[in-house]
Amino acid sequence: AGLAGRRGAVAALDPATGRILALVSSPSYDPGLVAGTGRAATEAWTRLTADPDQPMLDRAIRQTYPPGSTFKVVTAAAALESGAVTDLDAPTDSPDPYRLPGTTWSLTNEGRGCEDASVYDAFRVSCNTVFAKLGADVGLTAMARQAEAFGFNDDGLRVPPGVARSNFDTRMSPDQVALSSIGQFDTTATPLQMAMVAAAVGNGGELMRPYLVDRVTNHGGAVVAHTRPERLHRAVSEATAGQLQELMEAVVSD
(Lines give C-alpha, C1' and ligand atoms only; values in the text may rest on other atoms or scores of the structure.)
Protein backbone atom coordinates (compact mmCIF):
# COMPACT_ATOMS: atom_id res chain seq x y z
CA ALA A 1 0.00 0.00 0.00
CA GLY A 2 2.85 2.36 0.83
CA LEU A 3 4.47 1.81 -2.56
CA ALA A 4 1.26 2.35 -4.55
CA GLY A 5 2.02 4.53 -7.55
CA ARG A 6 5.75 4.58 -6.81
CA ARG A 7 8.81 2.77 -8.11
CA GLY A 8 10.74 0.93 -5.42
CA ALA A 9 10.97 -2.14 -3.26
CA VAL A 10 10.55 -3.31 0.33
CA ALA A 11 12.06 -6.32 2.06
CA ALA A 12 11.23 -7.27 5.65
CA LEU A 13 12.62 -10.24 7.59
CA ASP A 14 12.05 -12.04 10.85
CA PRO A 15 15.56 -11.57 12.31
CA ALA A 16 15.41 -14.75 14.40
CA THR A 17 14.52 -17.13 11.56
CA GLY A 18 15.26 -15.42 8.24
CA ARG A 19 11.62 -15.84 7.20
CA ILE A 20 10.70 -13.20 4.62
CA LEU A 21 7.68 -11.28 5.91
CA ALA A 22 7.38 -8.90 2.96
CA LEU A 23 9.02 -8.78 -0.43
CA VAL A 24 7.44 -6.09 -2.59
CA SER A 25 8.47 -4.67 -5.95
CA SER A 26 6.58 -1.75 -7.47
CA PRO A 27 5.23 -1.40 -10.07
CA SER A 28 4.27 -5.04 -10.46
CA TYR A 29 2.15 -7.07 -12.89
CA ASP A 30 -0.31 -9.94 -13.09
CA PRO A 31 1.60 -13.06 -14.25
CA GLY A 32 -1.71 -14.57 -15.31
CA LEU A 33 -1.70 -12.21 -18.28
CA VAL A 34 1.30 -13.97 -19.80
CA ALA A 35 0.72 -17.49 -18.47
CA GLY A 36 -1.10 -18.77 -21.53
CA THR A 37 -0.72 -18.65 -25.28
CA GLY A 38 -2.42 -16.73 -28.01
CA ARG A 39 -2.79 -13.13 -29.05
CA ALA A 40 -3.77 -11.71 -25.63
CA ALA A 41 -0.73 -13.23 -23.90
CA THR A 42 1.57 -12.04 -26.68
CA GLU A 43 0.20 -8.49 -26.49
CA ALA A 44 0.53 -8.46 -22.69
CA TRP A 45 4.12 -9.69 -22.93
CA THR A 46 4.99 -7.02 -25.50
CA ARG A 47 3.39 -4.31 -23.39
CA LEU A 48 5.07 -5.39 -20.15
CA THR A 49 8.57 -5.79 -21.61
CA ALA A 50 8.35 -2.40 -23.35
CA ASP A 51 7.16 -0.56 -20.23
CA PRO A 52 9.93 1.89 -19.14
CA ASP A 53 8.95 1.33 -15.47
CA GLN A 54 9.98 -2.35 -15.84
CA PRO A 55 7.11 -3.97 -13.91
CA MET A 56 8.61 -7.44 -14.52
CA LEU A 57 11.83 -6.54 -12.72
CA ASP A 58 11.86 -7.78 -9.12
CA ARG A 59 13.53 -4.77 -7.57
CA ALA A 60 13.61 -6.36 -4.10
CA ILE A 61 16.02 -9.17 -5.02
CA ARG A 62 17.15 -8.69 -8.63
CA GLN A 63 18.13 -5.00 -8.68
CA THR A 64 20.97 -3.36 -6.78
CA TYR A 65 21.23 0.26 -5.70
CA PRO A 66 23.79 2.48 -3.94
CA PRO A 67 22.89 1.91 -0.27
CA GLY A 68 24.12 5.36 0.77
CA SER A 69 24.03 6.08 4.47
CA THR A 70 22.32 2.79 5.35
CA PHE A 71 25.77 1.27 4.75
CA LYS A 72 27.09 3.16 7.77
CA VAL A 73 25.75 0.25 9.83
CA VAL A 74 28.37 -1.95 8.13
CA THR A 75 31.13 0.63 8.61
CA ALA A 76 30.26 1.05 12.29
CA ALA A 77 30.34 -2.74 12.65
CA ALA A 78 33.78 -2.95 11.03
CA ALA A 79 35.11 -0.21 13.31
CA LEU A 80 33.78 -1.91 16.44
CA GLU A 81 34.84 -5.42 15.43
CA SER A 82 38.37 -4.29 14.49
CA GLY A 83 38.83 -2.30 17.69
CA ALA A 84 39.22 1.01 15.83
CA VAL A 85 36.32 2.26 17.97
CA THR A 86 35.97 1.20 21.60
CA ASP A 87 33.82 4.03 22.98
CA LEU A 88 30.74 5.21 21.07
CA ASP A 89 30.71 8.51 22.98
CA ALA A 90 34.38 9.45 22.55
CA PRO A 91 35.22 12.27 20.09
CA THR A 92 36.73 11.17 16.81
CA ASP A 93 39.58 12.90 15.04
CA SER A 94 37.41 13.84 12.06
CA PRO A 95 37.77 17.14 10.22
CA ASP A 96 34.83 18.78 8.44
CA PRO A 97 35.26 18.93 5.52
CA TYR A 98 37.35 15.77 5.12
CA ARG A 99 39.88 15.57 2.31
CA LEU A 100 39.78 12.12 0.72
CA PRO A 101 43.16 10.36 1.05
CA GLY A 102 45.54 11.04 -1.83
CA THR A 103 43.20 13.54 -3.50
CA THR A 104 42.34 17.24 -3.49
CA TRP A 105 38.62 16.43 -3.14
CA SER A 106 36.91 17.32 0.13
CA LEU A 107 33.85 15.53 1.45
CA THR A 108 31.20 17.55 3.28
CA ASN A 109 28.03 16.86 5.27
CA GLU A 110 24.37 17.70 4.89
CA GLY A 111 24.10 18.73 8.55
CA ARG A 112 26.21 20.43 11.19
CA GLY A 113 28.11 19.26 14.24
CA CYS A 114 30.18 16.59 12.51
CA GLU A 115 33.69 17.84 13.24
CA ASP A 116 35.28 15.40 15.70
CA ALA A 117 31.80 14.04 16.48
CA SER A 118 31.50 10.84 18.48
CA VAL A 119 30.45 7.71 16.59
CA TYR A 120 27.13 7.89 18.46
CA ASP A 121 26.40 11.43 17.29
CA ALA A 122 27.89 10.89 13.83
CA PHE A 123 25.63 7.89 13.29
CA ARG A 124 22.61 9.67 14.76
CA VAL A 125 22.87 12.62 12.36
CA SER A 126 24.61 10.67 9.54
CA CYS A 127 27.99 12.41 9.22
CA ASN A 128 29.63 11.47 5.93
CA THR A 129 33.00 12.85 6.99
CA VAL A 130 33.25 10.76 10.15
CA PHE A 131 32.28 7.48 8.51
CA ALA A 132 34.32 7.99 5.35
CA LYS A 133 37.42 8.63 7.47
CA LEU A 134 36.52 5.72 9.74
CA GLY A 135 36.30 3.37 6.76
CA ALA A 136 39.63 4.59 5.40
CA ASP A 137 41.24 4.20 8.82
CA VAL A 138 39.83 0.69 9.30
CA GLY A 139 41.14 -0.20 5.85
CA LEU A 140 40.02 -2.19 2.84
CA THR A 141 40.66 -5.67 4.25
CA ALA A 142 38.59 -5.21 7.40
CA MET A 143 35.83 -3.30 5.56
CA ALA A 144 35.51 -6.00 2.90
CA ARG A 145 35.55 -8.76 5.51
CA GLN A 146 32.74 -7.08 7.43
CA ALA A 147 30.64 -6.42 4.33
CA GLU A 148 30.98 -10.07 3.32
CA ALA A 149 30.02 -11.21 6.82
CA PHE A 150 26.70 -9.43 6.26
CA GLY A 151 26.21 -11.09 2.86
CA PHE A 152 27.90 -8.83 0.30
CA ASN A 153 29.80 -10.42 -2.63
CA ASP A 154 27.73 -13.63 -2.38
CA ASP A 155 26.79 -15.02 -5.80
CA GLY A 156 24.92 -18.03 -4.45
CA LEU A 157 22.06 -16.69 -2.32
CA ARG A 158 18.64 -18.13 -3.26
CA VAL A 159 15.32 -17.62 -1.47
CA PRO A 160 14.62 -19.90 -3.58
CA PRO A 161 14.68 -17.44 -6.55
CA GLY A 162 18.22 -16.25 -7.17
CA VAL A 163 19.24 -12.99 -5.50
CA ALA A 164 21.48 -10.50 -7.33
CA ARG A 165 24.95 -10.10 -5.88
CA SER A 166 25.41 -7.08 -3.63
CA ASN A 167 28.84 -5.58 -4.22
CA PHE A 168 31.65 -4.27 -2.05
CA ASP A 169 34.88 -3.98 -4.03
CA THR A 170 37.91 -5.85 -2.70
CA ARG A 171 40.49 -3.82 -4.68
CA MET A 172 40.32 -0.08 -4.02
CA SER A 173 42.49 2.92 -3.24
CA PRO A 174 42.05 4.59 0.18
CA ASP A 175 39.86 7.39 -1.23
CA GLN A 176 37.61 4.80 -2.85
CA VAL A 177 37.40 2.87 0.44
CA ALA A 178 36.32 6.10 2.13
CA LEU A 179 33.51 6.67 -0.37
CA SER A 180 32.50 3.01 -0.28
CA SER A 181 32.21 3.24 3.50
CA ILE A 182 29.32 5.68 3.13
CA GLY A 183 27.59 3.51 0.54
CA GLN A 184 28.89 5.30 -2.54
CA PHE A 185 31.55 4.61 -5.22
CA ASP A 186 30.87 1.04 -6.51
CA THR A 187 29.02 -0.22 -3.41
CA THR A 188 25.60 -1.59 -4.40
CA ALA A 189 22.99 -3.64 -2.57
CA THR A 190 19.60 -5.22 -3.07
CA PRO A 191 16.85 -4.13 -0.67
CA LEU A 192 16.94 -7.70 0.67
CA GLN A 193 20.67 -7.35 1.44
CA MET A 194 20.13 -4.25 3.56
CA ALA A 195 17.27 -6.00 5.35
CA MET A 196 19.73 -8.82 6.09
CA VAL A 197 22.16 -6.30 7.63
CA ALA A 198 19.47 -4.93 9.92
CA ALA A 199 18.18 -8.42 10.75
CA ALA A 200 21.64 -9.66 11.76
CA VAL A 201 22.00 -6.70 14.11
CA GLY A 202 18.55 -7.36 15.55
CA ASN A 203 19.36 -11.05 16.03
CA GLY A 204 22.38 -10.46 18.25
CA GLY A 205 24.85 -10.69 15.38
CA GLU A 206 23.64 -13.99 13.88
CA LEU A 207 22.72 -13.79 10.18
CA MET A 208 19.98 -16.24 9.21
CA ARG A 209 19.41 -17.45 5.64
CA PRO A 210 16.36 -15.63 4.20
CA TYR A 211 13.61 -17.87 2.80
CA LEU A 212 10.21 -17.47 1.14
CA VAL A 213 8.72 -20.97 1.28
CA ASP A 214 7.55 -22.27 4.67
CA ARG A 215 6.43 -25.68 3.42
CA VAL A 216 5.46 -27.68 0.36
CA THR A 217 2.33 -29.85 0.37
CA ASN A 218 1.01 -32.47 -2.02
CA HIS A 219 -2.42 -32.45 -3.66
CA GLY A 220 -3.91 -33.95 -0.50
CA GLY A 221 -2.52 -31.26 1.76
CA ALA A 222 0.15 -33.43 3.39
CA VAL A 223 3.45 -31.67 4.04
CA VAL A 224 6.24 -33.13 1.89
CA ALA A 225 8.91 -30.51 2.67
CA HIS A 226 9.36 -27.97 5.44
CA THR A 227 11.88 -25.13 5.63
CA ARG A 228 13.87 -25.04 8.85
CA PRO A 229 15.63 -21.81 9.86
CA GLU A 230 19.31 -21.97 8.90
CA ARG A 231 22.15 -19.90 10.27
CA LEU A 232 24.36 -18.48 7.53
CA HIS A 233 27.09 -17.24 9.85
CA ARG A 234 27.86 -14.78 12.61
CA ALA A 235 28.07 -11.29 11.16
CA VAL A 236 29.22 -9.52 14.34
CA SER A 237 29.71 -10.41 17.99
CA GLU A 238 26.80 -10.15 20.38
CA ALA A 239 28.48 -7.19 22.07
CA THR A 240 28.89 -5.34 18.77
CA ALA A 241 25.30 -6.10 17.82
CA GLY A 242 24.16 -4.49 21.06
CA GLN A 243 26.17 -1.35 20.32
CA LEU A 244 24.83 -1.19 16.75
CA GLN A 245 21.29 -1.51 18.09
CA GLU A 246 21.99 1.48 20.34
CA LEU A 247 23.16 3.50 17.33
CA MET A 248 20.23 2.49 15.13
CA GLU A 249 17.70 3.25 17.83
CA ALA A 250 19.22 6.71 18.31
CA VAL A 251 18.50 7.58 14.66
CA VAL A 252 14.75 7.35 15.23
CA SER A 253 14.48 8.25 18.91
CA ASP A 254 16.86 11.23 19.05
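In this predicted model, cysteine 114 and cysteine 127 are joined by a disulfide, with 2.1 Å from S to S. A disulfide is a covalent bond between the sulfur atoms of two cysteines, and the structure holds just one. As for where the two ends sit, cysteine 114 is in the loop between strand S4 (106-107) and H3, while cysteine 127 is in the loop between H3 and H4, so the bond ties together parts that are 13 residues apart in sequence. The torsion about the S-S bond is about -80 degrees, so this disulfide is left-handed. Neither end is out on show: both cysteine 114 and cysteine 127 are buried.

Next comes the inside of the protein. In soluble globular proteins, nonpolar side chains tend to be buried together. Here, the largest nonpolar core has 61 residues, and those with the most contacts inside it are Phe131, Phe150, Phe152, Phe168, Leu192, Leu244 and Leu247. Several elements chip in with at least two residues each, including strand S1 (8-13), helix H2 (72-82), helix H4 (128-138) and helix H8 (238-253). The biggest giver is H7, with eight residues. Leucine 244 shows what such packing looks like from one residue's point of view: leaving out residues up to four places away in sequence, leucine 244 touches Val73, Ala76, Ala77, Leu80, Val201 and Val236.

Methionine 208 is another residue worth finding in the structure. This methionine belongs to strand S5 (residues 206-208) and has a relative accessible area of 12%; because buried means under 20%, methionine 208 counts as buried. Threonine 17 is 191 residues away from methionine 208 in sequence, yet their C-alpha atoms are 6.0 Å apart in space. Again leaving out residues up to four places away in sequence, the contacts of methionine 208 include Pro15, Ala16, Thr17 and Gly18, as well as Pro229, Glu230, Arg231 and Leu232.

Not every nonpolar residue is tucked away. Leu212, Val213, Val216 and Val224 make a nonpolar surface patch of about 300 Å². One of them, valine 216, lies in strand S6 (residues 215-217) and is partly exposed, at a relative accessible area of 39%.

Then there are the charged pairs. Side chains of opposite charge can pair when their charged atoms come close. The model has 10 salt bridges. In one of these, the side chains of arginine 124 and aspartate 254 meet at 3.9 Å, N to O. Arginine 124 is in helix H3 and aspartate 254 is in the segment after H8, so this pair ties together parts that are 130 residues apart in sequence. Arginine 124 is partly exposed at 25% relative accessibility, whereas aspartate 254 is exposed at 53%.

A second salt bridge stays within one helix: aspartate 137 and lysine 133 meet at 2.8 Å, N to O, and because they are four residues apart in helix H4, about one helical turn separates them. Aspartate 137 is exposed, with a relative accessible area of 51%, but lysine 133 is buried, at 17%.

A third pairs arginine 209 with glutamate 230 at 3.1 Å, N to O. Arginine 209 sits in the loop between S5 and S6, and glutamate 230 in the loop between strand S7 (223-226) and strand S8 (231-234), so the pair ties together parts that are 21 residues apart in sequence. Arginine 209 is partly exposed at 27% relative accessibility, and glutamate 230 is partly exposed at 39%. Finally, salt bridges that share partners link Asp121, Arg124 and Asp254 into one network.

How values were computed
Residues numbered from 1 in each chain as written. Predicted model: local features only at pLDDT ≥ 70, side-chain atom pairs only at ≥ 80, totals over all residues. Heavy atoms only, no water. Core = buried A, V, L, I, M, F, W, Y, C linked by side-chain atoms within 4.5 Å. Buried < 20%, exposed > 50% of the residue type's maximum accessible area, 1.4 Å probe, protein only. Contact = heavy atoms within 4.5 Å. Patch = residues over 30% accessible without salt bridge, like charges linked within 9 Å, V, L, I, M, F, W, Y side chains within 5 Å. Areas by Shrake-Rupley, 256 points an atom, 1.4 Å probe, with all protein chains shown as cover. Salt bridge = Lys/Arg side-chain N within 4 Å of Asp/Glu carboxyl O. Disulfide = S-S within 2.5 Å.
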